[in-house]
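Please take a moment to look over the sequence and the model before reading on. The briefing is meant for someone meeting this structure for the first time.

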Amino acid sequence: MIRVLRLIARLNIGGPALHVTHLARGLNPNRFTTRLVTGNVGKDEGDMGDLARDLDWQIIPELGREVNPADDLVTLLKLWKLMRQWSPHIVHTHTAKAGAVGRIAAKLAAVPIIVHTFHGHTFHGYWGKIGSQFTINAERGLSSITDKVIAVSDRVRDDLIQYRIAAPQKILTVPLGLDLEPFAHQPRADAATPTIGIVGRLVPIKNHTLFLQMARLMIADGFRGRFMIVGDGELRGELESQAGDLGDRIIFSGWRRDLTKVYSEMSVIVNTSLNEGTPVALIEAMASGVPVVATAVGGVPDVVRDSETGYLAPSGDARALANQVNKALRDGSSVARRAQEEVLEKFSKERLIQNMEGLYENLIQKSR
């Protein structure tokens, strides 16, 4: 039996939490046993911990998103002790913080195989120039103790190569795997009023201010529908203040767990991020048959091909974004059908599990 210890900083709402719980639950139980280790979810974040309640799941409270030297040292010692006791054959880390502490602990505990997945990266758009360079240097050092680096899209892989994080032969693209069938099977609502939505954490990197700018332009152009922001986070109060002039034309719904229903009621889903790994909300919307419009950043163009599976606009350009939303409202039905077929095949959780089992078997064979 191959023992896999899977680490992620927290199970907050988003693609990484879905990804790791699908893997923890889906690997062949006759060949693999998995233990999932996480930290706690932040107070402003939606919690997806319920997805892990039936798993072999352990919480280390000190393992969280923020850098804290004292907590990080405690986390390192706890992980080292766990690895020495449980003796995993593979430690697979996800997200930057868990990836750093987890890989160091695995090296100290002499774990045979160390794997890390980049669900995106923080090399720009997060920490400023000095912080970004520190992150790049740290990831370069960590890659030297990592047997395989996984990128969730070809664009993320290209970025890892461009920033010289690891040798190209060490980096493998394995797209996200999601449970998309519920979205595909949810009937589309016949809404009398068109609704333009955005789904995600209310944090700076998601750039909701651009969504509000786009909304104002569309209303000024005569759009008679409404706008909905689905999600929560540290910027909610600030964004609600910014949107005060939009009145009842905009709705802040907070976190919603009934996303199949949310997408079914949307006319277009928009993503305005400054940087993005693989945009889970867009994939879910596409699986639901909803036209999508997004800024052409990070791994987004790997999912959304302009005028083929959705519509792209330059980052920061509210007018271009509004124009693309209008195009999606007018001509998006055939594009949405094509997008639905593609994501259901490319981003299935079954494909993810098959890919990962093959990778683990290959790494085990090489280690022997």
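The notes below cover the nonpolar cores, one enclosed strand, the salt bridges and a surface patch.

This is a predicted model. Its largest nonpolar core has 52 residues, and another core, of 30 residues, lies apart from that one. The structure also holds 17 salt bridges, several of which are described here one by one.

**Nonpolar cores**

- Within the largest nonpolar core, which counts 52 residues, the members that touch the most others are L160, Y263, I269 and V304. Helix α10, which spans residues 280–287, supplies the largest share of this core, namely seven residues.
- When neighbours within four places in sequence are left aside, V304 is in contact with L282, M286, V292, T309, G310, Y311 and L312.
- A separate core of 30 residues lies apart from the largest one, and its members include L212, M214, L235 and A243.
- As general background, nonpolar side chains in soluble globular proteins tend to be buried together.

**Strand β4 and its partners**

- Strand β4 is made of residues 90–94, and because five of its five residues are buried, the strand is largely enclosed by the rest of the structure.
- Cover is found on both faces of β4, since I90, H92 and H94 on one side and V91 and T93 on the other are all buried.
- Strand β1, which holds residues 2–8, runs parallel to β4 and is joined to it by five bridges; in this pairing, I8 has H94 of β4 as its bridge partner.
- Strand β5, which holds residues 113–118, also runs parallel to β4 and is joined to it by five bridges, with I90 standing opposite I113 of β5.

**Salt bridges**

- In general, side chains of opposite charge can pair when their charged atoms come close.
- R31 forms a salt bridge with E361, and the closest N and O atoms of the pair are 2.7 Å apart. Because R31 lies in the loop between α1 (15–26) and β2 (32–38) while E361 lies in helix α13 (residues 349–367), the pair ties together parts that are 330 residues apart in sequence.
- R31 counts as partly exposed because its relative accessibility is 27%, and E361, at 30% relative accessibility, likewise counts as partly exposed.
- R257 forms a salt bridge with D50, where the closest N and O atoms are 3.3 Å apart. R257 is placed in the loop between β10 (250–254) and α9 (259–264), and D50 in the loop between β2 and β3 (57–59), so this pair ties together parts that are 207 residues apart in sequence.
- D50 has a relative accessibility of 36% and therefore counts as partly exposed.
- D331 forms a salt bridge with R330, the closest N and O atoms being 3.4 Å apart. In this pair D331 counts as partly exposed, at 39% relative accessibility, whereas R330 is exposed, with a relative accessible area of 57%.
- A network of salt bridges links D232, R236 and E240.

**A nonpolar patch on the surface**

- W80, I104 and L108 make a nonpolar surface patch of about 290 Å².
- W80 has its place in helix α2, which spans residues 69–86, and this residue is partly exposed because its relative accessible area of 38% lies between the 20% limit for buried and the 50% limit for exposed residues.

Note on methods: Residues are numbered from 1 along each chain as its sequence is written. This is a predicted model: local features need pLDDT of at least 70, side-chain atom pairs count only at pLDDT 80 or more; totals for chains, interfaces and linings use all residues. Side-chain values use heavy atoms; hydrogens and water are left out. Patches are made of residues with over 30% relative accessible area and no salt bridge: like charges are joined within 9 Å, nonpolar side chains (Val, Leu, Ile, Met, Phe, Trp, Tyr) within 5 Å. Accessible areas come from the Shrake-Rupley method with a 1.4 Å probe; for residues, only the protein chains shown count as cover. A salt bridge is a side-chain nitrogen of Lys or Arg within 4 Å of a carboxyl oxygen of Asp or Glu. Helices (H or I, at least four residues) and strands (E, at least two) are DSSP runs, numbered from the N terminus. Buried means under 20% relative accessible area, exposed over 50%, partly exposed in between (1.4 Å probe, protein chains only). A nonpolar core is a set of buried Ala, Val, Leu, Ile, Met, Phe, Trp, Tyr and Cys residues joined through side-chain atoms within 4.5 Å. Contact means heavy atoms within 4.5 Å. Two strands pair if DSSP finds at least two bridges between them.
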